[in-house]
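Subject: Structure handover and what was found in it

Dear colleague,

I am passing on the structure that we talked about, and I would be grateful if you could look it over before reading my notes. The notes come after it, in the order in which I would go through them.

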Amino acid sequence: MKNPDEAIDKVLAGLRDVEAPAGMERRILAAAEAGTAVHGAAVSRWASRVAMAGMIVLSFTLAIPAIKWHGHLATEAQRHALPAPSAKGAQAASAPPRELITPARTPTRIAAPRRKARPVNAADALLLAEMRAPSHPAPEEPLTNEERLLIRAVHLGDTQVMAMLNPEVRARQEAESEAEFQRFAEQSGKGDSE
Amino acid sequence: MASIQGGIPALISAESAQSDVDLAALVESYSGLLFRVAHSILRSRAEAEDVVQEVFVRVIERRRSLQAIRDMRVWLVRIAWNLALDRRRRIRPEQMDESFAESLAGNSAPADERLDQAQRMRSVLREMERLPKAERHVLLLSAIEELGTEEISEVLGRSGSAVRALIFRARTRLRERLGARGGER
């Protein structure tokens, strides 16, 4: 470097002469206005975030049993929709249930002579029963757009904001700020008395 | 400023009614100074503006106890300084210094000369960051014309003579280090 002093002075002059961006004052006043509203309601904002998160959790908690119950009702309805075995068909009751519940696709097939049910061993019967069992509970569905938006709204805050959700961190920061202010005010008072 | 005063409807009157703080007047008087204070640390215009905004939010938060403040200017500078230091820890200063150094190099010079100047400015900024904390802080604040030694000493909580000594030491150390780097080249 040819002349260090010159370079230092140039940097310091650059720091000294920097101009505030145009419109900064207006933006500051607008932000201060927003800040008043936000900081004035800091506790309520925090509480509303917690409440929102609670609502989401609650809605999920209520939705899961509701979905389960709905699935259960649907299964029950399906079961009741099947024709009940009549007294007349008591003999047929001994036939394998699959034959009863399988709907006939065409009238000709109903008229056609029934094929004898092939004997099924116990292991196969179990596998078949498991295979035919209704999926219960229903698999989770992907989140809707609204649910995704809600989750994003809750998790949007940056790390600092999230840290402020911690009551201990918030209390510590407020205490530090208060202590700093008191110290400065005391110094100001001393300066006055001098 | 007329546009600003026209554009701040209920805020100022409401705030002034609650306390004796005329926020618009404070912003008009001090925002430039606070911006330079924050910029000296952050070297980013956007970040510095954010800091100034935060300072005035603090003012509103404290509006009921501002009567206890004797020197509003020093108090505001102190808040801006502390907020900027806090913010500096969270951003990547090298990126900021890079663009600030380029802005210092100027546009009128030829490209190769501009590059050389920007490189020199970067070296100065890098060496400034390597100074001991007290020396660095005093040097940065001393760059701001509006702040005298007494005000710097109040902002940093040091005596006036200590501030003067630190400025001298900072410049000497910086000159030596930059000279040594130049010699190495």
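Chain A contains 10 helices and 0 strands, and when its elements are read from the N terminus on, they follow the pattern α-α-α-α-α-α-α-α-α-α. Please keep in mind throughout that this is a predicted model. The secondary structure of chain B likewise comes to 10 helices and 0 strands, and along its sequence the pattern reads α-α-α-α-α-α-α-α-α-α.

How far can chain A be trusted?

The average pLDDT of chain A is 70, and 56% of its residues score at least 70. Over residues 84–90 of chain A the pLDDT is below 50, and beyond near neighbours in sequence this stretch makes 0 contacts in the model. Residues 98–104 of chain A also have a pLDDT below 50, although here the model shows 4 contacts beyond near neighbours in sequence. Where pLDDT is low, the predicted coordinates should not be read in detail.

The two chains in outline

Chain A has 194 residues, of which 12% count as buried, and its accessible surface comes to about 15200 Å², with 61% of that belonging to carbon and sulfur atoms. Chain B has 185 residues, of which 51% count as buried, and it exposes about 8600 Å², with carbon and sulfur atoms supplying 47% of this area. As for the contacts within chain A that have a separation of 6 or more, 60% are between residues 24 or more positions apart. In chain B, among contacts between residues at least 6 apart in sequence, 65% join residues at least 24 apart.

A patch on chain A

Which residues make the nonpolar surface patch of about 210 Å²? The patch is made by A:Phe60, A:Leu143 and A:Ile151. A:Ile151 belongs to helix H8 of chain A, which covers residues 145–154, and this residue counts as partly exposed because its relative accessibility is 30%.

An enclosed helix in chain B

Helix H8 of chain B spans residues 133–142, and 7 of its 10 residues are buried, so this helix is largely enclosed by the rest of the structure. The buried residues of H8(B) are B:Glu135, B:Arg136, B:His137, B:Val138, B:Leu139, B:Leu140 and B:Leu141.

Salt bridges

How many salt bridges does the structure hold over all chains? There are 21 over all chains, and I describe a few of them here.

To begin with, B:Asp50 forms a salt bridge with B:Arg87, and the closest N and O atoms of this pair are 3.4 Å apart. B:Asp50 lies in helix H4 of chain B (residues 45–61) and B:Arg87 in helix H5 of chain B (residues 72–90), so the pair ties together parts that are 37 residues apart in sequence. B:Asp50 counts as partly exposed because its relative accessibility is 33%, whereas B:Arg87, at 11%, counts as buried.

Another salt bridge is the one in which the side chains of B:Glu151 and B:Arg73 meet, at 2.6 Å from N to O. This pair links distant parts of the chain, with B:Glu151 in helix H9 of chain B (residues 149–156) and B:Arg73 in helix H5 of chain B, 78 residues apart. Are these two residues buried or partly exposed? With a relative accessibility of 16%, B:Glu151 counts as buried, while B:Arg73 is partly exposed, having a relative accessible area of 21%.

A further salt bridge lies within helix H5 of chain B, where the side chains of B:Arg89 and B:Asp86 meet at 3.1 Å from N to O. Because these two residues are 3 residues apart in that helix, they are separated by about one helical turn. B:Arg89 is exposed, with a relative accessible area of 64%, and B:Asp86 is partly exposed, with a relative accessible area of 32%. Elsewhere, salt bridges that share partners join A:Asp5, A:Asp9, B:Arg171 and B:Arg175 into one network.

When you go through the model yourself, you might start with the residues named above.

With best wishes

Definitions and conventions. Residues numbered from 1 in each chain as written. Chains lettered and ligands numbered in written order. Predicted model: local features only at pLDDT ≥ 70, side-chain atom pairs only at ≥ 80, totals over all residues. Heavy atoms only, no water. Patch = residues over 30% accessible without salt bridge, like charges linked within 9 Å, V, L, I, M, F, W, Y side chains within 5 Å. Areas by Shrake-Rupley, 256 points an atom, 1.4 Å probe, with all protein chains shown as cover. Salt bridge = Lys/Arg side-chain N within 4 Å of Asp/Glu carboxyl O. Helix = DSSP H or I, 4+ residues; strand = E, 2+ residues; numbered from the N terminus. Buried < 20%, exposed > 50% of the residue type's maximum accessible area, 1.4 Å probe, protein only. pLDDT = per-residue confidence, 0-100. Contact = heavy atoms within 4.5 Å.
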